[in-house]
Amino acid sequence: MMSFTYKRATLEDLAVLTETRITVLRAANQLDEKTDMSDVEKQSFYYYKKALSDDTHIAYLVYDGQRFIGAGGISFYQIMPTYHNPSGKKAYIMNMYTAPEYRRKGIAYKTLDMLVNDARERGITSVSLEATDMGRPLYLKYGFVQMENEMEFLC
């Protein structure tokens with residue numbers, strides 16, 4: 001059985017968090033290495049710096065010895081209270097990643113579980129995410145359900 005280390009990210013991990021974010025976005029959007037991601041990279045760095053500092057984001061980094069092999073994050077935010085969510089507290093899973101050669105070993109599932117438990121500890125009852133085709137089976141297995149009523153408008 002393989003043993004991996006799961007580390008809660010700190011400000012000292014900004015570089016690996018930012019690099020992983022770009023890797024995830026390239027894969028999810030089918031972008032090659034030539035696509036300029038410099039602005040997204042800069043903004044991601046600033047996002048992590050602020051959100052880790054004000055505790056509106058938690059991320060976990062996964063290592064096999066000294067080798068980085070995976071990550072996952074959760075962002076916390078507030079909406080107006082609703083009947084089904086009187087606190088208005090919500091969370092959004094982001095940046096789930098496992099290195100290709102480490103996939104199907106339970107790493108993403110364990111990372112997801114840690115993130116959901118962090119949300120529960122904050123009293124959050126609604127966690128959402130955007131799933132890729134590759135990630136969808138994991139989220140369904142965990143218990144996420146497909147949303148039917150949400151819409152989006154791109155300005």
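**Strand E5, the nonpolar cores and the helices of the predicted model**

Ser128 lies in strand E5, which comprises residues 127–129. The structure is a predicted model, and all values reported here were computed from its atoms. With a relative accessible area of 11%, Ser128 is buried, and, when residues up to four places away in sequence are set aside, it is in contact with Tyr77, Ala91, Tyr92, Ile93, Phe144 and Met147.

Two of these contact partners of Ser128, Ile93 and Phe144, recur in the largest nonpolar core, a set of 27 residues in which Ile74, Ile93, Leu112 and Phe144 touch the most other members. Two or more residues of this core are supplied by each of E2, E3, E4, H3 and H4, and the greatest contribution, 6 residues, is that of H3. For Ile74, the contacts beyond four places in sequence are with Thr56, His57, Ile58, Ala91, Tyr92, Ile93, Leu115, Ala119 and Val127. Apart from this core lies another, of 10 residues, which includes Leu14, Leu17, Tyr63 and Ala71. In soluble globular proteins, nonpolar side chains tend to be buried together.

Helix H3 has 15 residues, for which a rise of 1.5 Å a residue predicts a span of 21 Å; the C-alpha atoms at its ends are 21 Å apart, in agreement with that expectation. The buried residues of H3 are Ile107, Thr111, Leu112, Met114, Leu115, Val116, Asp118 and Ala119, and they pack against strand E1 (5–8), E2, strand E3 (67–78), E4, E5 and helix H4 (136–142). Just after H3, Gly123 adopts a positive phi of about 80 degrees.

Helix H2, formed by residues 38–53, also agrees with the expected geometry, since its 16 residues should span 22 Å at 1.5 Å a residue and its end C-alpha atoms are separated by 23 Å. Its buried residues are Ser44, Tyr48, Ala51 and Leu52; because they cover an arc of only 90 degrees around the axis, they are placed on the same side of H2. The packing partners of these buried residues are helix H1 (14–28), strand E2 (57–64) and E4. Just after H2, a positive phi of about 65 degrees is found at Asp55.

The packing of H2 against H1 can be followed at the level of single residues through Leu14, which lies in H1 and, at 8% relative accessibility, counts as buried. Leaving aside residues up to four places away in sequence, Leu14 touches Phe45, Tyr48, Lys49 and Leu52, and Tyr48 and Leu52 are among the buried residues of H2. The C-alpha atoms of Leu14 and Arg120, which are 106 residues apart along the chain, are separated by 25 Å.

Further backbone features concern Asn95 and Arg104. Most residues other than glycine have a negative phi. Asn95, although not a glycine, has a positive phi of about 60 degrees, and Arg104, likewise a residue other than glycine, has a positive phi near 70 degrees. Asn95 belongs to strand E4, residues 89–98, whereas Arg104 is located in the loop between E4 and helix H3 (107–121). The relative accessibility of Asn95 is 7%, so that it counts as buried, while Arg104, at 80%, counts as exposed.

Definitions and conventions. Residues are numbered from 1 along each chain as its sequence is written. Side-chain values use heavy atoms; hydrogens and water are left out. Helices (H or I, at least four residues) and strands (E, at least two) are DSSP runs, numbered from the N terminus. Buried means under 20% relative accessible area, exposed over 50%, partly exposed in between (1.4 Å probe, protein chains only). Contact means heavy atoms within 4.5 Å. The expected span of a helix is 1.5 Å times one less than its number of residues. The arc is that of the directions from the helix axis to the C-beta atoms. A nonpolar core is a set of buried Ala, Val, Leu, Ile, Met, Phe, Trp, Tyr and Cys residues joined through side-chain atoms within 4.5 Å.
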